[in-house]
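This report describes the backbone, the helices and the overall build of a single protein chain. Local features are treated before the chain as a whole.

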Amino acid sequence: MGVIHPDITKAETLPSEFYTNEGNYLSLLQKFSSTWNFIGLESMLDQNNIVPVEIGNIPMLLTKSGTEYYCISNVCTHRGMLLCDDNKDSSSIRCPYHGRTFSLSGKIKHMPEFKGVENFPSPDDDLPAAKVINWHGLLFASLSTDDDFEQYIDAIDERMSFFDFSKLVRDNQLDRLHNLSANWLLYIDNYLEGFHIPYVHKALNSVIDYSKYQTELFDKSVLQIGEGQEGEVCFDIPLGHQDYGRNIAAYYWWIFPNLMLNFYPWGISINVVLPQDVGKTKIAYFGLVSDPSKVGIGAGGELDTVEHEDQWIVESCNRGMKSRLYKRGRYSPTMEKGVHHFHRLLTE
Ligand code: FES
Ligand SMILES: [Fe+2]
């Protein structure tokens, strides 16, 4: 048996050292390299064609050349200098240390003072590249060779088939960047259960019907459905869809390991959880709007308030995890299926 028992009624939660120990932190980050990662939006490359991103703790660059997108290592193949720490618009990438130059797809183009060096340049001098896929304007990258994108996104594609992605427009006003003094796992644990809504989110609780809150598990993702109270803004779900007739105010999707796609009748709010250190996490928020008349109302209304309430919880749990008197807990079989699934995926 692994760290987490497959039967939720017997299982104990993830031990506290997963949240506090540097070695565990680094080994969990390796999981990012074996799956797809959300790395940005198409629209981020409208002004600049070189944007620094991360896959786990691996520094990468998202680039655009013509109509092609690339995700390449941000570490110079000479002596390991970081190539770029800010957005840039340029036709090539030049290392600030000794001037090695690369194309936007990562091929080495030029290196000063290297005449006479044997077997140079070789493919090892190019920047390693990840695969990139553009899904409705959201860009995903994978460093793994045997990772199927269809399999990764299927559950969402199928369930959200009624949602009109073509209408989505990025609204920079909805962008947020939060720095948290907490381990990244705590942010995701908290996201994966609606158990805390009546205790922590009083305003949100008055909009959704807690008695109908539902969690569904998929291979690499978890869906939580918030049904609206009578008269709240809800999705217009077509006849024939499995959710037809339900008053759904929000579809909260989490995809392993660090992406949240929150679908509301006004559009999508994207949260990306970016681990910075064992006790430091960045949360990046992006908003894509399909119906501007509905922004700010319903379950997807007071997002800043909800975020603030969640951050207080997550940072407080981070302090709790360091207590010598806390080791691990148990799961609620009705409300914490998503957290249990996440912990199993992490430790399998
Ligand atoms: S480290 Fe980049 S050119 Fe030397
Ligand atoms: Fe919350």
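Glu 113 is exposed in this predicted model, its relative accessible area being 79%. The residue sits in the loop between S7 and S8 and, although it is not a glycine, has a positive phi of about 60 degrees. A positive phi also occurs at His 136, likewise a residue other than glycine, where the angle is near 50 degrees. His 136 belongs to the loop between S8 and strand S9 (138-142). With a relative accessibility of 40%, His 136 counts as partly exposed, because that class covers values between 20% and 50%.

Two cis peptide bonds may be added to this account of the backbone. One joins Phe 120 to Pro 121, with omega at about -5 degrees; Pro 121 lies in the loop between strand S7 (108-110) and strand S8 (129-135). The other runs from Phe 256 to Pro 257, with omega near -5 degrees, and Pro 257 is placed in the loop between strand S14 (248-255) and strand S15 (259-264). The backbone angles are collected below.

| Site | Angle | Value |
|---|---|---|
| Glu 113 | phi | about 60 degrees |
| His 136 | phi | near 50 degrees |
| Phe 120 to Pro 121 | omega | about -5 degrees |
| Phe 256 to Pro 257 | omega | near -5 degrees |

Two helices merit separate description. Helix H8 (residues 337-347) has eleven residues, eight of which are buried, so the helix is largely enclosed by the rest of the structure. Its buried residues are Gly 338, Val 339, His 340, His 341, Phe 342, His 343, Leu 345 and Leu 346. Which elements cover them? The cover includes three helices, H1 (17-20), H2 (22-29) and H4 (184-191), together with the strands S12 (214-217), S13 (221-227) and S14.

Helix H7 comprises 19 residues, 303-321; at 1.5 Å a residue it should span 27 Å, and the distance of 27 Å between its end C-alpha atoms agrees with this. Among the buried residues of H7 are Leu 303, Val 306, Ile 313, Val 314 and Met 321. Glu 307, Asp 310, Gln 311 and Asn 318 of H7 are buried as well. In general, an α-helix has 3.6 residues a turn, so residues three or four places apart point the same way.

A contact between distant parts of the sequence is found at Asp 277, in strand S16 (residues 267-277). Asp 277 is partly exposed, at 35% relative accessibility. Leaving aside residues up to four places away in sequence, Asp 277 touches Glu 22 and Tyr 25. The C-alpha atoms of Asp 277 and Glu 22 are 8.2 Å apart, although 255 residues separate the two in sequence.

The chain as a whole contains eight helices and 17 strands. Its radius of gyration is 22 Å, close to the 20 Å given by the globule rule for 348 residues, so the chain is as compact as a globular protein of that length. The C-alpha trace spans about 75 × 50 × 35 Å along its principal axes. Of the 348 residues, 52% are buried. Among contacts with a separation of 6 or more, 62% are between residues 24 or more positions apart.

The accessible surface of the chain is about 16,600 Å², and carbon and sulfur atoms contribute 48% of it. Side chains with a positive charge number 30 and those with a negative charge 46; the centres of the two sets are 6 Å apart.

Note on methods: Residues numbered from 1 in each chain as written. Chains lettered and ligands numbered in written order. Predicted model: local features only at pLDDT ≥ 70, side-chain atom pairs only at ≥ 80, totals over all residues. Heavy atoms only, no water. Helix = DSSP H or I, 4+ residues; strand = E, 2+ residues; numbered from the N terminus. Rg over C-alpha atoms; globule rule 2.2 N^0.38 Å. Buried < 20%, exposed > 50% of the residue type's maximum accessible area, 1.4 Å probe, protein only. Contact = heavy atoms within 4.5 Å. Areas by Shrake-Rupley, 256 points an atom, 1.4 Å probe, with all protein chains shown as cover. Lys, Arg positive; Asp, Glu negative; His and termini not counted. Charge placed at Lys NZ, Arg CZ, Asp CG, Glu CD. Expected span 1.5 Å × (residues − 1).
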